[in-house]
Amino acid sequence: MESLPEELICRIFDFLESAGALSVAMLVCPQWYMRGARNLHQRVVINLLPGLSLSSSATVIRFMKRLVSPLSTAHFIHHLTLSGFAPIDIQELILDILGRARALRSLDMHALQILQGGMLLPQEVFTSDTFMWNLSSLNASSAQFCASLSYNRPIVALRVHEPMDDVLLRRLTCHKGGLASRIVELELALSVDSTATAVTRMAYLASTLAEAPLRTLALQFVLDRPGPVAWTDFKHAIGEMGASLRSLKNLRSLSLVIRPDPIITTTPTDPSTSGDQYREVVTKQLAEKLITENTLSWLDRIELRWHGWTIRGGHLEPFPRTELLRLPHRWWFADSGGRWVT
């Protein structure tokens, strides 16, 4: 077995997709072990159930400890997903793993519940030239964490779930950090005090990202005051955003949401039309108006409120709500097969 050419061994392992098959093949010889470890650990998913601690004998904890042992394979990890519950001792272990994952390309940790406060990362971590320095894709909840980690790293796909204020938004997109010139997929929640402020934020982003290769933009404008949003205010805000969107010539997928969702109070004239059908009809009319009045002919997909459409030959065809970018479990980078990161 050890006499087989390296190219042939690589070809064999490329056909072994299941973890079980890889694990068995790794027992053949040292050469196969290292080749299998590369494939097995290229994509790692860690789910931490409630009640786990460093002293636990659970398989996931033993695996995480092995990633920081002298036989660590953390440097093989390209794509890492973390979810579940992380108390302070496990947070320290996660930080150690991230520090060793020098080849890491994408990090998905939006479903990781940080217990006992937020994850405490030393300031030198963010400015280090070795800590996740190859990171290209990030999906996380903390706005502060994402803004700090995105600085001077080659991020091309980013989703931030926590509403971000104007200070953090400008810090994230400042030209000095480089993100504004290279971002391809951007999904943000932005804290605003009115629909007028949402229009201003859209104008700022469109101006800042005009030269970026931006193909996907999903924005949720989160009002920081109680009370519903009038449908007329939403329509006006979307109409005002159209002028800004004209500068994003590379854009293909657009999602615009204001939370809380605007209330459509008018009733359908056709008694056979249900309320939800009527809301979809008037929302689609708004989407069509946004596209035609601003000549956004390059768009392939658009979402407003709880409705989305693919655009083919100028016609809007609906797709299921389960595919909306606004849903917390959706991440366009993962949905698209991570095409921006190799």
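The expected span of a helix is 1.5 Å times one less than its number of residues. That rule comes back in the view of H5. Everything below is from a predicted model.

**View 1. The whole chain, with its 13 helices and 12 strands.**
Start with the overall picture before zooming in. Of the 342 residues here, 50% count as buried. Take the contacts with a separation of 6 or more: 67% of them join residues 24 or more positions apart. The chain exposes about 16300 Å², and carbon and sulfur atoms supply 55% of that area.

**View 2. Helix H5 (88–100) and what it packs against.**
H5 has 13 residues, so at 1.5 Å a residue it should span 18 Å; the end C-alpha atoms sit 19 Å apart, which agrees. Its buried residues are Ile90, Gln91, Leu93, Ile94, Leu95, Ile97 and Leu98. These pack against H4 and against four strands, namely E1, E2 (79–86), E3 (106–108) and E4 (112–114).

**View 3. Helix H4 and its buried face.**
Look for Val60, Ile61, Phe63 and Met64, the buried residues of H4. Seen down the helix axis, they fall within an arc of 160°, so they line one face of H4. Their packing partners are E1 and H5.

**View 4. Ala58, in the loop leading from strand E1 (43–48) to helix H4 (59–66).**
Ala58 is partly exposed, with a relative accessible area of 23%. For a sense of distance, pick Leu48, which is 10 residues away along the chain. The C-alpha atoms of Ala58 and Leu48 are separated by 9.7 Å.

**View 5. Asn139 in strand E5 (residues 137–140).**
This side of the story is about a residue that is tucked away: Asn139 is buried, at 1% relative accessible area. Leaving out residues up to four places away in sequence, Asn139 touches Leu107, Asp108, Met109, His110, Arg159, His161 and Trp331.

**View 6. Asp166, Arg170 and Arg201, linked in a network of salt bridges.**
Side chains of opposite charge can pair when their charged atoms come close. Asp166 pairs with Arg170, with the closest N and O atoms 3.0 Å apart. Both belong to helix H8 (residues 166–173), and being 4 residues apart puts about one helical turn between them. Asp166 also forms a salt bridge with Arg201, where the closest N and O atoms are 3.8 Å apart. Arg201 lies in helix H10 (residues 195–208) while Asp166 is in H8, so this pair ties together parts that are 35 residues apart in sequence. As for exposure, Asp166 is partly exposed at 23% relative accessibility, and Arg170 is partly exposed at 41%. Arg201, at 14%, is buried.

**View 7. Another salt bridge, this one between Glu317 and Arg312.**
The two side chains meet at 2.7 Å, N to O. Glu317 is partly exposed, with a relative accessible area of 33%. Arg312 is also partly exposed, at 49% relative accessibility. Across the model, the salt-bridge count comes to 8.

**View 8. Two cysteines, Cys146 and Cys174.**
Cys146 counts as buried, at 0% relative accessibility. Cys174 is partly exposed, at 25%. If you're hunting for disulfides, a search of the whole structure finds 0.

Notes. Residues are numbered from 1 along each chain as its sequence is written. This is a predicted model: local features need pLDDT of at least 70, side-chain atom pairs count only at pLDDT 80 or more; totals for chains, interfaces and linings use all residues. Side-chain values use heavy atoms; hydrogens and water are left out. Helices (H or I, at least four residues) and strands (E, at least two) are DSSP runs, numbered from the N terminus. Buried means under 20% relative accessible area, exposed over 50%, partly exposed in between (1.4 Å probe, protein chains only). Contact means heavy atoms within 4.5 Å. A disulfide is a pair of cysteine sulfur atoms within 2.5 Å. Accessible areas come from the Shrake-Rupley method with a 1.4 Å probe; for residues, only the protein chains shown count as cover. The arc is that of the directions from the helix axis to the C-beta atoms. A salt bridge is a side-chain nitrogen of Lys or Arg within 4 Å of a carboxyl oxygen of Asp or Glu.
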